[in-house]
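Hi,

Here is the structure I promised to pass on. Have a look at it first, and my notes follow underneath.

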Amino acid sequence: GSKATISGTPTVAGSYTYAVTAVSSYGCASQTLTGTLTVNPLVRLTVGNNTDQTQCLGTAIEDIAVTHDAHSTVTVTGLPYGVSYSESNHKISGTPSSAGVYQYIITAQSDYNCAPQSVEGILTGTPKVSLTAASNLNVTTCANAEQDMDAITINYANASTSPTIAWYDANNQSLTSAPGGIDFAVDAEQTSRSEERFSRNAETD
């Protein structure tokens, strides 16, 4: 005998009933077969246009909105520490606590076992500039002393340029230059380690 085939790629979701009828060529009773074709919808996943972001550690990212169909479940993998996805408000949010470049993937998995949909993004956490005192910041000394004042040492890291210094008098008025005999110098030996040492030394008269 011959055969008939129903095939193709459905484009419209829905539940369809069909009937296939064969009429006898000899005048006998016809035959009919019925069936149901169920076409489940594809997953629809929409993500905000801010999937790629760079933030300093300790600074919250801009919330990333995630929209998906009710017949799907969303998972997000690869986020940095401090950042997470909330199904309750459909947003990726948080404050990065680990430096680095994180490529994350948002995946919507169909409840009907249809093909999943995915969107990728990149979150970069950059370390904050660090400025720490390696000695006492408050020093008392005598003018024209026989020996240098105790040096004030400051370490810094993750700065784009060397720190700058501003001086003020006892009335908190800005000075155009450092007090006489005081230097503000960079220890070049520390530069390659992204940490530089500063000291202020009094001249010896």
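In this predicted model, a polar atom of the serine 72 side chain lies 2.8 Å from the backbone oxygen of aspartate 69. I call that a polar contact, meaning a pair of N or O atoms within 3.5 Å; within protein, one must be able to donate a hydrogen and the other to accept it, and residues adjacent in sequence count only if both atoms are side-chain atoms. Serine 72 counts as buried because its relative accessibility is 6% (buried is under 20% relative accessible area, exposed over 50%, partly exposed in between, with a 1.4 Å probe and protein chains only). Leaving aside residues up to four places away in sequence, serine 72 touches Val43, Ala108, Gln109, Ser110 and Asp111 (contact being heavy atoms within 4.5 Å).

Serine 72 sits in strand 6, and opposite serine 72 is serine 110 in strand 9. Strands here are DSSP E runs of at least two residues, and helices H or I runs of at least four, numbered from the N terminus. Strands 6 and 9 (residues 100–110) run antiparallel and are joined by six bridges; two strands pair if DSSP finds at least two bridges between them.

That takes us to the sheets. One is an open sheet of four strands in the order 4-10-9-6, with mixed pairing. Its edges are strand 4 (53–56) and strand 6 (72–77), each pairing on one side only. On average, neighbouring strands of this sheet are turned by 20 degrees against each other, direction ignored (axes are lines fitted to C-alpha atoms, for helices over the stretch in contact, and angles run from 0 to 180 degrees between N-to-C directions).

There is also an open four-stranded sheet with the order 3-5-8-7 and antiparallel pairing. Strand 3 and strand 7 (83–86) are the edge strands, pairing on one side only. Here the average turn between neighbouring strands is 25 degrees, direction ignored.

Strand 5 (residues 64–68) is worth a look: Ile64, Val66 and His68 point to one face and are buried, whereas Ala65 and Thr67 point to the other and are not. Strand 5 pairs with strand 3 (residues 45–47) over three antiparallel bridges, where threonine 46 has threonine 67 as its bridge partner and valine 47 stands opposite valine 66. With strand 8 (residues 91–94), strand 5 has two antiparallel bridges, and isoleucine 64 stands opposite isoleucine 92.

Housekeeping: residues are numbered from 1 along each chain as its sequence is written, and side-chain values use heavy atoms, with hydrogens and water left out. As the model is predicted, local features need pLDDT of at least 70 and side-chain atom pairs count only at pLDDT 80 or more, while totals for chains, interfaces and linings use all residues.

Cheers
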